[in-house]
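Hello,

Here is the structure I promised to pass on. Please open it alongside this message; my notes follow below.

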Amino acid sequence: MLDRIKIKLQYLLPKQGLTRLAGWGAERRGAMLTQWVIKAFAGYYKVDMKEAQDPSFSAYPTFNEFFVRPLRAGARPVVSGLDMLCLPADGAVSQLGPISDGKLFQAKGHFYTLEALLAGNYQLAEQFNEGMFATTYLAPRDYHRVHMPCDGVLREMTYVPGDLFSVNPLTAANVPNLFARNERVICVFDTEFGPMVQILVGATIVGSIETVWAGQITPPREGIIKRWTYPVAGAEGAISLEKGQEMGRFKLGSTVINLFAANQVEFVPQLKNGTVTRMGEPFAEAVRHRAAEPVSAESVI
């Protein structure tokens, strides 16, 4: 009964207004009040400040600066190996697996289409049909900067306006097409493993989504799809990011979705639904097709 009430409230509450209010408050410099809120939040969610570059609460004049705090050097070593991809964020695996018939699994009884997730871009969707996807949920206690799972050259970014439902497991299990209806920023990269998409999904109370190359993408929330394209590798103005490098951040939590083309990568076997993730740890490994060895005449019967 309580879960049904929580879901019903998400349909009824003014999510856009609440998110604007939260974003405004998180940017205020409230001195003692801000410090009290930060300490209360850290205590309630058991935030590990020992990992922060500056573990002192007083180092953060606003809640947002605390929320996107950088980690100390060495806190997240990045897995080595040219064929190994690293996890892009701290959090937990919500779902991962194959993209079958253009559909991604959201939760029991719920699927959503690749084309809807990519805002109707069917040409882009075709590149990932029968590929692989992973959805990572960032809880309030987590580190909220998002990093590159592999080296990549940015080719396209699309801002898609939408709803601001919560993206926690309860909502994912009860709101159809959740990730295809929420606000999101779609980033497309050329990589050694074929095209790769990394999507930053907004949610209730997520005051802002930012990228390292464009700064704050939202707000403002203008209600229209915006698309940017970027030069190819080697061209003037090309944006290249390395494995483990920061690519974006959330101001107040959310979800990251990764898409990979067919026959390019396989997720490491220890990753399953619910697995806790730490940025930099093993995520996936390249699928390398070996040429078939010639069969000798003697072996042919």
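Start with Ser254. The UniProt entry, which is unreviewed, annotates Ser254 as "modified residue: Pyruvic acid (Ser)". Please keep in mind that the model is predicted. In the model, Ser254 sits in strand β15, which covers residues 254-260. Is Ser254 buried or exposed? Ser254 is buried, because its relative accessibility is 1% and the cut-off for buried is under 20%.

Next, His147. This residue belongs to strand β6, residues 145-147. Its relative accessible area is 7%, so His147 also falls under the 20% limit and counts as buried. What does the His147 side chain reach? It comes to 3.3 Å from the backbone nitrogen of Glu246. Glu246 is also on the contact list of His147, which leaves out neighbours within four places in sequence. The other residues on that list are Pro88, Gln198, Gly244, Gln245, Met247 and Met279.

Glu246 leads on to the strand pairing. Strand β14 spans residues 246-251 and runs antiparallel to β6, with three bridges between them. In this pair, Arg145 faces Arg249 of β14.

Both strands are part of an open sheet of four strands. The order is β6-β14-β10-β11, and the pairing is antiparallel. Which strands stand at the edges? They are β6 and β11 (215-218). Each has a single partner strand, so one side of each has no neighbour in the sheet. From one strand to the next, the twist averages 25 degrees.

There is also an open sheet of three strands, ordered β1-β18-β16 and again antiparallel. Here the edges are β1 (84-86) and β16 (265-267). Each of these has one partner strand, so one of its sides is left without a neighbour in the sheet. The twist in this sheet averages 30 degrees between one strand and the next. β1 pairs with β18 (residues 282-286) through three bridges, in the antiparallel sense. Met84 is opposite Glu285 of β18.

Strand β2 is worth a look too. It covers residues 91-98 and runs antiparallel to β17 (residues 276-277), joined by two bridges. β2 also pairs with β5 (residues 132-138), antiparallel and over six bridges. Ala92 takes part in both pairings: it stands opposite Val276 in β17 and opposite Tyr137 in β5.

Now the interior. In soluble globular proteins, nonpolar side chains tend to be buried together. How many residues does the largest nonpolar core have? It has 37. Those with the most contacts inside it are Leu85, Cys187, Phe189, Trp213, Met247 and Phe283. Met247 is also one of the residues that His147 contacts.

Phe283 is a good residue to click on. Beyond four places in sequence, Phe283 touches Leu85, Cys86, Leu87, Pro88, Ala134, Pro149, Asn258, Phe260, Phe267, Val268 and Leu271. Pro88 appears among the contacts of His147 as well.

A second core is separate from this one and has 29 residues. Leu114, Leu118, Leu124 and Val175 are among them.

To go through the model yourself, begin at Ser254 in β15. Then go to His147 in β6, and end at Phe283 in the largest core.

Best wishes

Key. Residues are numbered from 1 along each chain as its sequence is written. This is a predicted model: local features need pLDDT of at least 70, side-chain atom pairs count only at pLDDT 80 or more; totals for chains, interfaces and linings use all residues. Side-chain values use heavy atoms; hydrogens and water are left out. A nonpolar core is a set of buried Ala, Val, Leu, Ile, Met, Phe, Trp, Tyr and Cys residues joined through side-chain atoms within 4.5 Å. Buried means under 20% relative accessible area, exposed over 50%, partly exposed in between (1.4 Å probe, protein chains only). Contact means heavy atoms within 4.5 Å. Two strands pair if DSSP finds at least two bridges between them. Axes are lines fitted to C-alpha atoms, for helices over the stretch in contact, and angles run from 0 to 180 degrees between N-to-C directions. A polar contact is a pair of N or O atoms within 3.5 Å; within protein, one must be able to donate a hydrogen and the other to accept it, and residues adjacent in sequence count only if both atoms are side-chain atoms. UniProt positions are given in the numbering used here, feature names are shortened, and annotations may be inferred rather than shown by experiment.
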